[in-house]
Amino acid sequence: MSRASKLTFLGTSLFAATTVVFVHFQQKFEKEAMHQGVVRDMEQQRIKRERQLDFDMQKALEEEYKKGQTVSQSAAEISKRVLPNR
């Protein structure tokens, strides 16, 4: 083989090997990034469930407190009696 063909072969071989290594590491980083997305989504779902449970608990407490309260007059009616000019 001539010197030019050996250099061409060496150059293309290095380029191919470099490309394979680069693609390997790129896939590795993309896989890790995708996994982090899954972890982030799971954390967001956990937070959403906690907030929904808190909301449901507050709503149940509100309903319980409303059952125990009796309101005969609205605040507007009371203010009209106390301050008739308004």
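Start by selecting Arg46 and Glu43 in this predicted model: both belong to helix 1, which covers residues 3-68, and because they are three residues apart there, about one helical turn separates them. With the two side chains displayed, look for the place where they meet in a salt bridge, with a distance of 2.3 Å from N to O. Side chains of opposite charge can pair when their charged atoms come close.

Keep these two residues on screen and colour them by accessibility, if your viewer offers that. Arg46 has a relative accessibility of 32% and therefore counts as partly exposed, and Glu43, with a relative accessible area of 36%, is partly exposed as well.

Next, add Glu50 to the selection, which is also found in helix 1. Where does Glu50 lie with respect to Arg46? The two are four residues apart in helix 1, about one turn of the helix, and their side chains meet in a salt bridge of 2.4 Å, again taken from N to O. The side chains of Glu50 and Arg46 are also listed as making a polar contact, at 2.4 Å. As for its surroundings, Glu50 has a relative accessibility of 40%, so this residue counts as partly exposed.

Now move along helix 1 and select Glu62 together with Lys66, which are four residues apart in that helix, about one turn. A salt bridge is formed between Glu62 and Lys66, and if you draw a distance between their closest N and O atoms, the value to expect is 3.2 Å. Glu62 has a relative accessible area of 37% and is therefore partly exposed. Going back to the earlier selection, Glu43, Arg46 and Glu50 are joined into one network by salt bridges that share partners. How many salt bridges does the count come to? The count comes to three.

For a stop of another kind, select Leu7, Leu10 and Leu14, and switch on the surface display. Together these leucines form a nonpolar patch on the surface, and their accessible area adds up to about 310 Å². Leu7, one of the residues of this patch, sits in helix 1. Is Leu7 buried or exposed? With 53% relative accessibility, Leu7 counts as exposed, because the cut-off for that class is over 50%.

Finally, clear the selection and show the whole chain as a cartoon, in which you should find two helices and zero strands. If you then colour every residue by accessibility, bear in mind that the chain has 86 residues, of which 1% count as buried; for this purpose a residue is buried when its relative accessible area is under 20%. With the surface drawn over the whole chain, the area that is exposed comes to about 8600 Å², and carbon and sulfur atoms supply 62% of it. As a last view, bring back Glu43, Arg46 and Glu50, the residues joined into one network by their shared salt-bridge partners, and place them within helix 1.

Key:
Residues are numbered from 1 along each chain as its sequence is written. This is a predicted model: local features need pLDDT of at least 70, side-chain atom pairs count only at pLDDT 80 or more; totals for chains, interfaces and linings use all residues. Side-chain values use heavy atoms; hydrogens and water are left out. A salt bridge is a side-chain nitrogen of Lys or Arg within 4 Å of a carboxyl oxygen of Asp or Glu. Buried means under 20% relative accessible area, exposed over 50%, partly exposed in between (1.4 Å probe, protein chains only). Accessible areas come from the Shrake-Rupley method with a 1.4 Å probe; for residues, only the protein chains shown count as cover. Patches are made of residues with over 30% relative accessible area and no salt bridge: like charges are joined within 9 Å, nonpolar side chains (Val, Leu, Ile, Met, Phe, Trp, Tyr) within 5 Å. A polar contact is a pair of N or O atoms within 3.5 Å; within protein, one must be able to donate a hydrogen and the other to accept it, and residues adjacent in sequence count only if both atoms are side-chain atoms.
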